Amino acid sequence: MYTFPKDFIWGAATSGPQSEGNFKKRHQNVFDYWYTKDPSAFYAGVGPDTTSNFYNDYENDLKLMHQAGIKALRTSIQWSRLIADFETCEVDQKGADFYSRVIDAMLANGITPYINLCHFDMPVELQHKYGGFESKHVTDLFAGFAKKCFELYGDRVDHWFTFNEPKVILDGGYLYQFHYPLKVDGPLAVQVAYNLNLASAKAIKAFRELYGQDKSKKIGTILNLTPAYPASDSPKDQAAAEFAELWANKMFLEPAVLGHYPQKLVEILERDGVLWEQTPAELQLLKEQTVDVLGVNFYHPFRVKAPAVSSASLQPWMPDIYFDEYEMPGRVMNVDKGWEIYPKALYDIAVNIRDNYNNIEWFVSENGMGVSSEERFMDKNGMVCDDYRIEFMKKHLKALHRGIKAGSNCHGYFVWTGIDCWSWKNAYRNRYGLIRDDIHTQIKTLKKSGHWFHELSNKNSFE
Ligand code: BG6
């Protein structure tokens, strides 16, 4: 029997752009725009117009989530829905009323709102005018938007997050071309990374100016931590893993929790002539505005080996000059998604946070299994019998439980996701939900995992 600490939170995560549909939205975000330009870039040509219809269906959706035992929901407020004028932060009243109704409905269903402010969804107007987070001006605009959210909903929302997976903004938009603006520019990615940390600190400052020492309100950020494991004990593989860890994890984790960048990373980037532009005042702000709580999205480890080709082959600068990804023979895979399944990494994360990050309060803000064509697993009543998802969660929860027993300060587990949702370029290819969404009818029904999660959340334990 695995029993979790008293008050452990059993939740689910989603985001505004992936669940709402862009009904009545004032502006486009980068994905809305990209889809209008190139629908073929999205799996089966399915775009963000309807997604899971949460905009119209939120009352029913929240009731279903309650039935699946979801006691907290992380979603995000879309900058492109809430704000009418990005420079002045004038609000779009329809957008503001929508989020207000959603928050009330969450509370009415016994679901605690965890509200995030950016889930990859830069308004396209700011991307085109300023380059999005390439620009420091946009970090100020983001803080203004964040402040507006706190003012509008802070009376009912205690848990706030500045970003979801800032690293994916670099990976997708500036390195590997799976998000708009589809650039390949290593040095620019470095600057965007810095500006994202800066934007987060500015939003946290706005939060603290409003709430001061009020400990009932907390702000954090959500990072996708992918522990870097070397392919072997050889010094070259070890060096590759050391850089991968700095780049993939510490570049965001250290400023967020400790208030500074890893010295080693700064030295490498400086030596390579690609260090971000920084000012002493900005570094001071980062130092002062660390997070209260950390959300960790975990799906897969990051196995690396020494690069096969000389760094001279990759010009201009890319972080990949320091590592190649390593496909470990015999690894366990989620073959639909193409991600290795390695639950022990969650234990390693727990212990790392305990030992190197002041044992800060944290929670698993995403973990889950994406599987395609789930109709394959339907029983005669039409219920998806997703035993593979239950097994996946159990294995990860066992590793997490071990980390908590070892003293790590983890207070919750949020599955990705409650209801099947739209996933950017992958659209509806892989389904992650505890609740199935038939996207042709928008009829939503609990999967076997939804029933299992209900029991888990109510017992606070599983066998
Ligand atoms: C997470 C993101 O990293 O992965 C989500 O925060 C995303 O937004 C999820 O939907 C799953 O991604 P995919 O591409 O497998 O559907």
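Two strands pair when DSSP finds at least two bridges between them. Helices (H or I, at least four residues) and strands (E, at least two) are DSSP runs, numbered from the N terminus. This is a predicted model: local features need pLDDT of at least 70, side-chain atom pairs count only at pLDDT 80 or more, and totals for chains, interfaces and linings use all residues. Residues are numbered from 1 along each chain as its sequence is written.

**View 1. Eight strands close into a barrel.**
The strand order is E2-E3-E6-E7-E8-E10-E15-E16, and the pairing is parallel. Neighbouring strands of this sheet are turned by 30° against each other on average, direction ignored. Angles run from 0 to 180 degrees between N-to-C directions; the axes are lines fitted to C-alpha atoms, for helices over the stretch in contact.

**View 2. Strand E7 is joined to E6 and to E8.**
Strand E6 (residues 112-116) pairs with E7 in the parallel sense, over 3 bridges. Asn116 has Phe161 of E7 as its bridge partner. Strand E7 (residues 159-164) then runs parallel to E8, joined to that strand by 4 bridges. Here Asn164 is the residue to find: its bridge partner in E8 is Ile222.

**View 3. Strand E8 is mostly covered.**
E8 spans residues 218-224, and 6 of its 7 residues are buried. A residue counts as buried if 20 or more other C-beta atoms lie within 10 Å of its own, as exposed if 12 or fewer do, and as partly exposed in between; C-beta atoms are placed from the backbone. E8 pairs with strand E10 (residues 293-297) in the parallel sense, over 5 bridges. Leu223 stands opposite Val296 of E10. Helix H10 (residues 235-258) lies across both E8 and E10, and runs at about 165° to E8.

**View 4. Strand E10 is buried along its length.**
Of the 5 residues of E10, 5 are buried, so the strand is largely enclosed by the rest of the structure. Val293, Gly295 and Asn297 point one way; Leu294 and Val296 point the other way. Both sets are buried. E10 also pairs with E15 in the parallel sense, through 4 bridges. Leu294 stands opposite Trp362 in E15.

**View 5. Helix H13 lies under several elements.**
Helix H13 covers residues 344-356. The expected span of a helix is 1.5 Å times one less than its number of residues. H13 has 13 residues and should therefore span 18 Å; its end C-alpha atoms are 18 Å apart, which agrees. Ala345, Leu346, Tyr347, Ile349, Ala350 and Ile353 are its buried residues. Their cover includes E10, strand E15 (362-366), helix H14 (387-405) and strand E16 (410-415). Asn358 follows the helix, with a positive phi near 55°.

**View 6. Three strands form an open sheet.**
The order is E9-E11-E12, and the pairing is mixed. Strand E9 (228-230) and strand E12 (324-325) stand at the edges with a single partner strand each, so one side of each has no neighbour in the sheet. H10 packs on this sheet, touching E9 and E11, and its direction makes about 175° with that of E9. Strand E11 (residues 302-305) pairs with E12 in the antiparallel sense, over 2 bridges. Val304 has Glu325 of E12 as its bridge partner.

**View 7. Helix H2 is mostly covered.**
H2 spans residues 30-37, and 6 of its 8 residues are buried. These are Val30, Phe31, Asp32, Tyr33, Trp34 and Tyr35. The buried residues pack against helix H1 (16-19) and helix H6 (124-130).

**View 8. Tyr194 is a buried residue of helix H9.**
H9 spans residues 186-211. Tyr194 is buried because 23 other C-beta atoms lie within 10 Å. Leaving out residues up to four places away in sequence, Tyr194 touches Trp276 and Gln278. Contact means C-beta atoms, placed from the backbone, within 7 Å. Ile390 is 196 residues away from Tyr194 along the chain, and their C-alpha atoms are separated by 38 Å.

**View 9. The ligand is surrounded by 13 residues.**
The closest are Glu165, Gly370, Ser423, Asn426 and Asn430. A residue is near the molecule if its C-beta atom, placed from the backbone, lies within 6 Å of it. By class, the shell holds 9 polar, 3 charged and 1 nonpolar residues. Ala, Val, Leu, Ile, Met, Phe, Trp, Tyr, Cys and Pro count as nonpolar, Asp, Glu, Lys and Arg as charged, and the others, Gly among them, as polar.

How values were computed. Two residues are in contact if their C-beta atoms, placed from the backbone, lie within 7 Å.
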